[in-house]
Every structure is written in structure tokens, then in C-alpha cells.
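Visitor: I would like to go through this model term by term, and to hear for each label what stands behind it.
Guide: Then let us look at it together and set each value against its criterion.

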Amino acid sequence: MAKGKNKSLEDRGGRPSKGSNGHSSRQNHRHMELKRNGNIETKFPVKLAMWDFDHCDPKKCSGKKLERLGMIKSLRVGEKFQGIVVSPNGTDVVCPDDKEIVEKHGASVVECSWARLDEVPFNKIGGRHERLLPYLVAANQVNYGRPWKLNCVEALAACFAIVGRVDWASELLSHFSWGPVFLELNKDLLEIYQKCTNSTSVKEAEASWLEKLELEIQERKAQSKDEDIWLTGNVNRQMNQLYISDDEKEGEEEDELSDKSKSIHYDSLGNVINLNSEDDGSNHEQLENVKYDLLGNII
Ligand SMILES: C[S@@+](CC[C@H](N)C(=O)[O-])C[C@H]1O[C@@H](n2cnc3c(N)ncnc32)[C@H](O)[C@@H]1O
């Protein structure tokens, strides 16, 4: 047990500190350890934070990995964040004009499951600068090749890259074997977003990119009448297997999609909007059979 000045409030009989999930959390102990080691908040040039709802397996979760590395701070429900909050609850998208806020106050994310967003008390978290991300494609092993649904480290890196801090984005992603692929995969698009100014101009750039993609898809479909490459599935996803270490493969988080996904469609955040009514979302077995096109639609 901790002694003297290292004793936690809990050890001293005070009220246990709580994480976002309301538990007296191991994270706090980890924070104490990191503080004692002098590691916390010294490992990244700006503040990184997350509200962690403990929906994911700690071994598989990018936010938790950043926490283990001493790079990100866990926030409590009720606590607000001054910097950019990259969140599904945003309305505007991250834009280069956000650079000053990012450099001054940092960036945060909401560590939760995409399938359980309705359990997140968005009114009790967040801040003045909540932002969506524009169209970008995930490189993580769970949602590889899938647009919009980035994991936490990708979301933070995307925010940094859009405001022109690619150096910070690279540094964050360098801790994940697949991480650098995120910047490669999205290089052209990130360069386009970096040339924008405000949220409206990023949305316009996104719209014209999506239009271009849609055209490419139509052209490819027309060209491949006999030999339909779309039937071969998400080529990006297959390629990604090359980048995954055995450790990470073991740690893969299952997606929340069911085998009834042929009738699933997504909104602009990649959320399911017409899940078959009798589907309780519990059947994960067919995940590997789910294929996406470049717009994130199930094919
Ligand atoms: C839903 S969590 C999933 C985390 C995942 N389990 C992991 O290992 O990192 C991903 C978080 O990243 C941020 N994020 C990812 N993609 C986003 C987007 N397109 N718009 C806004 N926020 C996004 C949000 O904070 C979101 O809650």
C-alpha cells in the first residue's frame, strides 16, 4: 500500500476518485504511477485527453494504449475540455482555422464503442470546440478501409494533420504498427484539407472529393461488367493484413456488425441507420464477410 505523500485519497479514507465510467478506476492508479515516474503530460507537446467509457477491451483500445504510454489524460464525466473535442457530437468539422486552439489547448476524444454512442452522456462531456472529422479512411486493423469511423489515435492524428501539425500526427501514430499507414492512406485528402481555412471550406472540399469518388466507383463498376472487382471485397482491408503484427491480430476488437448487414446503410458518420428490425446486433460472426466500398457503404 502507498505510504506518506504517495498515498492516494482513497488510501487515506477519502472519497475514491472516479473515471468517466463512474468506477474507482485503475486508470487513476496508473496515473499516479506515471506521475511518480515523472512521465505524465511530458510525453506530448500539447494536452491530449479522453473521456473513457470502458466499452472496449483495454488490450485492444487505442485510447488506453496512449494512456499506458503516459500520453493522454482521462477526463471525468462533468469535466469539460478547453481544446478541440473530436466527437461524434460535433457539428462543424475540424479545419485549419482550429490550429490556434489545438496548439494552445490540445485535443480530446471520446473513448467508447461506436455501437454504444447512445449510452454516452454527451451533454456532460465535451466543450466549446466540439468537432466532427471530415471524410478520412481508417487504417486501424478493426475498421481498415472504412471511412469516418476512426479510432481514437487516428481521430487525434487527423485533427493534428488537418490543422497542419503532421509532425504531431506522425508522432502519435508511430506508437502503432499500422499507424503510419493512416497518413499514407489519407495523404492526398489531408493535403486538400490543410489548404482550406474554415469548417465550411473543409466541408466543400470533402463534398467534391466524395463526388469524385462516386464517379470513380461508377466508372469502375461500368468497366468491370465481366470481371467484377467489387466482388473481391475491400482490397484495402485485405492489404492491411500485411501491416498487422501477430500480437495485434490477437488483440483485434470485433466490429459490432451482424450478418444481416446486407441491408445496412450508414449516415455520414458511418452509423447504421436502417438496421434490420429483428437484428439485435449480437451476431458478430459474419464480420469478415462484410465489405465496404470507398464511400463506406456495405457492398
Ligand atoms: C467511438 S471511439 C472508438 C475507439 C476505439 N475503440 C479505439 O480503440 O480507439 C472513436 C472516437 O474517435 C473520435 N472520432 C473518430 N472518428 C470520428 C469522426 N469521423 N468524427 C468525429 N469524431 C470521431 C470520437 O471521439 C470517437 O468517439
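Guide: This is a predicted model, and a place to begin is Gly 164, which follows just after helix 4 and takes a positive phi of about 100 degrees.

Visitor: What makes helix 4 mostly covered?
Guide: Helix 4 spans residues 152-162, and eleven of its eleven residues are buried, a label that requires 20 or more other C-beta atoms within 10 Å of a residue's own. Among the buried residues are Cys 152, Glu 154, Cys 159 and Ile 162.

Visitor: Why is helix 4 called roughly antiparallel to helix 5?
Guide: Helix 4 and helix 5, the latter made of residues 166-173, pack at an angle of about 165 degrees, with their axes 7 Å apart. Angles over 145 degrees count as roughly antiparallel, and therefore helix 4 is described as roughly antiparallel to helix 5. The crossing in which helix 4 passes helix 5 is left-handed.

Visitor: Which residues make that contact?
Guide: On the side of helix 4 they are Val 153, Leu 156, Ala 157, Phe 160 and Ala 161, and on the side of helix 5 they are Val 166, Trp 168, Ala 169, Leu 172 and Leu 173. By class, the residues of the contact of helix 4 with helix 5 comprise ten nonpolar, no polar and no charged.

Visitor: How do you know that strand 4 is largely enclosed by the rest of the structure?
Guide: Strand 4 covers residues 107-111, and five of its five residues are buried, so the strand is largely enclosed. Both faces are covered, since Ala 107, Val 109 and Glu 111 on one side are buried, as are Ser 108 and Val 110 on the other.

Visitor: What makes strand 1 and strand 3 partners of strand 4?
Guide: Pairing requires at least two bridges between two strands. Strand 1, residues 48-52, is joined to strand 4 over five bridges in the parallel sense, and Leu 48 stands opposite Ala 107 in strand 4. Strand 3, residues 84-86, is joined to strand 4 over three bridges, also in the parallel sense, with Val 86 standing opposite Val 109.

Visitor: Why is Asp 54 called partly exposed?
Guide: Asp 54 has 19 C-beta neighbours inside 10 Å, whereas buried needs 20 or more and exposed needs 12 or fewer, and therefore Asp 54 counts as partly exposed. This residue lies in the loop between strand 1 and helix 2, and has a positive phi of about 50 degrees although it is not a glycine.

Visitor: Is Trp 148 buried or exposed, and how do you know?
Guide: Trp 148 has 22 other C-beta atoms within 10 Å, which satisfies the requirement of 20 or more, so Trp 148 is buried. Trp 148 is found in the loop between strand 5 and helix 4, and its phi is positive, about 75 degrees, although it is not a glycine.

Visitor: What makes Tyr 135 count as buried, and which residues is Tyr 135 in contact with?
Guide: Tyr 135 has 22 C-beta neighbours inside 10 Å, and since the label begins at 20, Tyr 135 counts as buried. Tyr 135 is found in the loop between strand 5 and helix 4. Leaving aside neighbours within four places in sequence, Tyr 135 is in contact with Pro 147, Trp 148, Glu 206, Trp 209 and Leu 210. Tyr 135 and Leu 190 are 55 residues apart in sequence, and 9.6 Å apart in space from C-alpha to C-alpha.

How values were computed. Residues are numbered from 1 along each chain as its sequence is written. This is a predicted model: local features need pLDDT of at least 70, side-chain atom pairs count only at pLDDT 80 or more; totals for chains, interfaces and linings use all residues. Helices (H or I, at least four residues) and strands (E, at least two) are DSSP runs, numbered from the N terminus. Axes are lines fitted to C-alpha atoms, for helices over the stretch in contact, and angles run from 0 to 180 degrees between N-to-C directions. Angles under 35 degrees count as roughly parallel, over 145 as roughly antiparallel, 65 to 115 as roughly perpendicular and the rest as oblique. A crossing is left-handed if the near helix is turned anticlockwise from the far one by less than a right angle, and right-handed if clockwise. Two residues are in contact if their C-beta atoms, placed from the backbone, lie within 7 Å. Ala, Val, Leu, Ile, Met, Phe, Trp, Tyr, Cys and Pro count as nonpolar, Asp, Glu, Lys and Arg as charged, and the others, Gly among them, as polar.
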